[in-house]
Amino acid sequence: MLAQRTTLFKSSGTAAASDAAKAVAVGGKDVIDLTSGEIWSHTAPSVREGAIAAINSNINRYTDTLGLMELRHALARKISAETAQPWSADEIAVTTGAKQALFNAAMVLVNPGDEVLIPAPYWTTFPAQIIVAGGRPVFIETKHNHFVPRPADLAAAITRNTKAIVINTPNNPTGAVYDRDILASMAQLAIDRELWIIFDECYGTFAHAPHVHHPIVTLAPRARGRTLIVNSFSKSLALTGWRIGYLAGPKAVISAVKALQSHTTSNPNVIAQHALLHHLESGDATFQMQLQRQVSDARALGLSILSALRSVPQPIAQGGFYFYLDLSGLQRSAKARGHELNADDVVSTLLMDAGVATVSGTAFGDPAGVRLSYGIDLKLLEHGLRRLTATLDTWK
Ligand code: PLP
């Protein structure tokens, strides 16, 4: 008999969508996969060099649980530059991707029964981890406000059990980038109501002009003592498989994370740590900028194809590399004709009829959304989106 805990969460909805796409492709169908939360790219030369040098130097042992001290110093310099505030190595934990940073945060902050505010639609792992930690996710709807939470809605959801708020900007899945005003008011609310802020900026390097990514602690230095920054190199350097991320926050939190991580994964992979250290020390931003250009070109191409859609509004796509389609209009017209149309049905029709794999909004708490990743090769993106628009337009 499995632990009762296993009934509290399901496998990630995005991973399930990608598995469904692969299963259909194995059956011989030509499938263009727009489910993936990663960017199609080769590996940054500086990362490759750092990894190869580490292997050739016979580096093979445990490091400190929280990562190599030199890497934590290099990350402290990176975060100091990004936030325009001084950070030190003992405020940083190197983790096995941002996912572990978030899991650590949930496990060291959340008591059973604590509530955590999460703007919705949300990345599916946020509530799952809060639940595993014994907490209760409280969702704040953002759809009626261009996918940005309203301060009044957040304030109204706070109870004596509220412990933290998750802020993810640029946002997965919606593509929203939170501006200065909303971030400043969320920070003020956290200060006034004594909440922790879990600030996930994994897509921070992909804010599309005129939108700008703002680290919350830069806008609200007084919130720093209650903020945990979560980031990784999975998206910014297209290194999803290398599993290197970090958590930055008050020393007491980082030392609790050290104790926790010492009983789970211990240090993140040592070769990946050396590779990232070499990359950060090289100070070479060329690769990251190429990736930003690639994503920006894909976004422009995608938006131009999606602009032909007749009954689905243009996605906002302010940041990250996802188009988030709102099917509410299609659903209303279907209802007027006497049938229900939910996002899961749309996603399976897109897969079976158009050969395009997408992620249903139900994975993000939204039965009227569909997420498309534009991190893939441009030619495939173009074919995939043309097939998708043709199929979606048959619904009207
Ligand atoms: N945070 C958000 C918002 C994400 O979308 C993802 C991955 O999709 C992660 C964290 C996890 O990133 P990592 O691969 O570094 O664990």
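## Ligand contacts

In this predicted model, a polar atom in the side chain of serine 234 is placed 2.6 Å from an oxygen atom of the ligand. Over the accessible area of 400 Å² that the ligand has on its own, the protein covers 93%. A further polar contact involves serine 232, where an N or O atom of the side chain lies 2.8 Å from a ligand oxygen atom. Lysine 99 takes part through its backbone instead: a polar backbone atom of this residue is 2.9 Å from an oxygen atom of the ligand.

The surroundings of the ligand comprise 14 residues, of which Asn172, Asp200, Tyr203, Ser234 and Lys235 come nearest.

## The largest pocket

The largest pocket holds about 670 Å³ of space. Its lining consists of 31 residues, and those closest to the pocket centre are Gly37, Glu38, Lys99, Lys235 and Thr240. Two or more lining residues are contributed by each of the helices α1 (13-26) and α4 (97-109).

By class, the lining of this pocket has 13 polar, 10 nonpolar and 8 charged residues. Because domain 1 (4-42 + 287-392) and domain 2 (60-282) both give residues to the lining, the largest pocket lies between the two domains.

## The largest cavity

The structure also holds 2 cavities of 30 Å³ or more. The largest cavity has a volume of about 60 Å³, and its lining is formed by Leu102, Ala106, Phe126, Gln129, Ile130, Val166 and Ile198. Helices α4 and α5 (125-132) are the elements that give two or more residues to this lining, with the largest share, 3 residues, coming from α5.

In the lining of the largest cavity, 6 residues are nonpolar, 1 is polar and none is charged.

## The second largest cavity

About 40 Å³ of space lies in the second largest cavity. Its lining includes Ile118, Pro119, Pro121, Tyr122 and Trp123, together with Asn168, Asn171, Asn172 and Tyr178. Phe126 and Val166 also line the second largest cavity, and both of these residues appear in the lining of the largest cavity as well. Asn172 is, in addition, among the residues that come nearest to the ligand.

Strands β3 (115-120) and β5 (162-168) each supply at least two residues of the lining of the second largest cavity. The greatest contribution is that of β5, with 3 residues. The class composition of this lining is 9 nonpolar and 3 polar residues, with no charged residues.

How values were computed. Residues numbered from 1 in each chain as written. Predicted model: local features only at pLDDT ≥ 70, side-chain atom pairs only at ≥ 80, totals over all residues. Heavy atoms only, no water. 1 Å grid on protein atoms, 1.4 Å probe; cavity = no way out; pocket = protein on both sides within 12 Å on 5 of 7 lines; lining within 4 Å. Points joined across faces, edges and corners; volume = space filled by probe spheres on them. Helix = DSSP H or I, 4+ residues; strand = E, 2+ residues; numbered from the N terminus. Nonpolar A, V, L, I, M, F, W, Y, C, P; charged D, E, K, R; others polar. Domains from an automatic or database assignment. Near = heavy atom within 4 Å. Polar contact = N/O pair within 3.5 Å; in protein donor to acceptor, adjacent residues only side chain to side chain. Areas by Shrake-Rupley, 256 points an atom, 1.4 Å probe, with all protein chains shown as cover.
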